[in-house]
Amino acid sequence: GILLVSCRFLKSPMLHEYIPLYAVRFSLLLIFVYFIVLLYQRYRRWKDQKAPTDDEAFADAARTGFRAMEENDMQTAAQQLLKALEVRPTELLVLENAAVCLNELKRHEEALGLLNRALEEAPKKVVLLANRGFTLLKLSQFAEAAKSFQMAVDNGDNNVSTFFSLGHAYQKIGNDAQAVKYFRLSLSKQPSHIASVYSLAISLARLGRNSEVVDIMRQFRKVLPAPLFQSLLSKFGAAGAAESGAGVGSPSPLDEAGEF
């Protein structure tokens, strides 16, 4: 309305007797530009109010992702945490938890990529090193898994699962001496860790340390379920011979255990 009134006033013939025509046109142009600027400013304010900032977008996606993890909805959690990483690609907590979700979804290659990115930011963080080791085990990359677990242990990780997994990785690449060391460490932390007992017996048998296999079976007999103990007896005949009082010259299935 103000613009229309101004235009009519500036076009008045009586006004032209005092103001040149070019000045009238220039004034009209200034008024037009002024209103365009006002409209643009209003649009920008509306757009800024409507669109969230990067910080808000990150916080919303991360919050939704963590909530989905608590509800065990790994698909939604992974989707939202990856969305948050689009805003902040190096956020350690989000990288770590997104990798956990992807591993749960069996997307191990993607999880490994995220863990490698996280370790660029925190090369000695034991949780990241251990999680990277678990992911590499899933991918059957046992030598790399052993390196990752070893770095975690060297940097202070003394978790039972890390010791056992490091022993398992060494066992897979044929380094049974190191495997024995870490299976024993695992059992020193948790004597009822059945998988460590079984794996320790296998590595000792591979090394030909049959008497130690017998000792292990005697030591942990009470914590082993009966079916597993019988399985060990059938695998490690030396233990059965020792328990039954067989002589030193008695043949042992360990000598012919090609499966080891």
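Which residues line the largest pocket? The lining is made of Glu96, Ala99, Val100, Asn103, Glu104, Lys106, His108, Leu115, Asn131, Phe134, Thr135 and Lys138. The model is predicted. In it, the largest pocket holds about 220 Å³ of space. H6, helix H7 (108-121) and H8 each supply at least two residues of its lining. H6 gives the largest share, with five residues.

**The chain as a whole**

The chain has 260 residues, and 36% of them are buried. Its secondary structure comes to 15 helices and zero strands. Take the contacts between residues at least 6 apart in sequence. Of these, 47% join residues at least 24 apart.

**Asn97 in helix H6**

Helix H6 runs over residues 92-104 and contains Asn97. Asn97 counts as buried because its relative accessible area is 16%, and the cut-off is under 20%. The side chain of Asn97 reaches the backbone oxygen of Leu93 at 2.8 Å. Leaving out residues up to four places away in sequence, Asn97 touches Phe66, Met69 and Leu81. Leu81 also appears in a core described below.

**The nonpolar cores**

In soluble globular proteins, nonpolar side chains tend to be buried together. Here the largest nonpolar core has 31 residues. Within this core, Leu166, Leu200, Val213 and Phe236 touch the most other members. Several helices give two or more residues to this core: H8 (126-138), H9 (142-154), H10 (160-172), H11 (176-189), H12 (194-206), H13 (210-219) and H14 (226-235). H12 gives the most, with six residues. Val213 touches Ala201, Leu204, Ala205 and Phe236, not counting residues up to four places away in sequence. A second, separate core has 26 residues, including Ala77, Leu81, Leu102 and Leu128.

**Helices H10 and H12**

The table sets out these two helices.

| Helix | Residues in helix | Span between end C-alpha atoms | Expected span | Packing partners of buried residues |
|---|---|---|---|---|
| H10 | 13 residues | 18 Å | 18 Å | H8, H9, H11 and H12 |
| H12 | 13 residues | 19 Å | 18 Å | including H10, H11, H13 and H14 |

Why does the length of H12 agree with what is expected? At 1.5 Å a residue, its 13 residues should span 18 Å, and its end C-alpha atoms are 19 Å apart, so the two agree. H10 also comes close to its expected value.

H10 is mostly covered, with 10 of its 13 residues buried. Among them are Phe163, Phe164, Leu166 and Tyr170. In H12, the buried residues include Val197, Leu200, Ile202 and Leu204. Ser196, Ser199 and Ser203 of H12 are buried too.

What follows each helix? Just after H10, Gly174 takes a positive phi of about 85 degrees. H12 is followed by Gly208, whose phi is positive, near 75 degrees.

**Gln150 in helix H9**

Is Gln150 buried or exposed? Gln150, found in helix H9, counts as buried because its relative accessibility is 14%. Its contacts are with Leu166, Tyr170, Gln178 and Tyr182, not counting residues up to four places away in sequence. Leu166 and Tyr170 are buried residues of H10. Leu166 is also one of the residues that touch the most other members of the largest nonpolar core.

Technical notes
Residues numbered from 1 in each chain as written. Predicted model: local features only at pLDDT ≥ 70, side-chain atom pairs only at ≥ 80, totals over all residues. Heavy atoms only, no water. Helix = DSSP H or I, 4+ residues; strand = E, 2+ residues; numbered from the N terminus. Buried < 20%, exposed > 50% of the residue type's maximum accessible area, 1.4 Å probe, protein only. Polar contact = N/O pair within 3.5 Å; in protein donor to acceptor, adjacent residues only side chain to side chain. Contact = heavy atoms within 4.5 Å. Core = buried A, V, L, I, M, F, W, Y, C linked by side-chain atoms within 4.5 Å. Expected span 1.5 Å × (residues − 1). 1 Å grid on protein atoms, 1.4 Å probe; cavity = no way out; pocket = protein on both sides within 12 Å on 5 of 7 lines; lining within 4 Å. Points joined across faces, edges and corners; volume = space filled by probe spheres on them.
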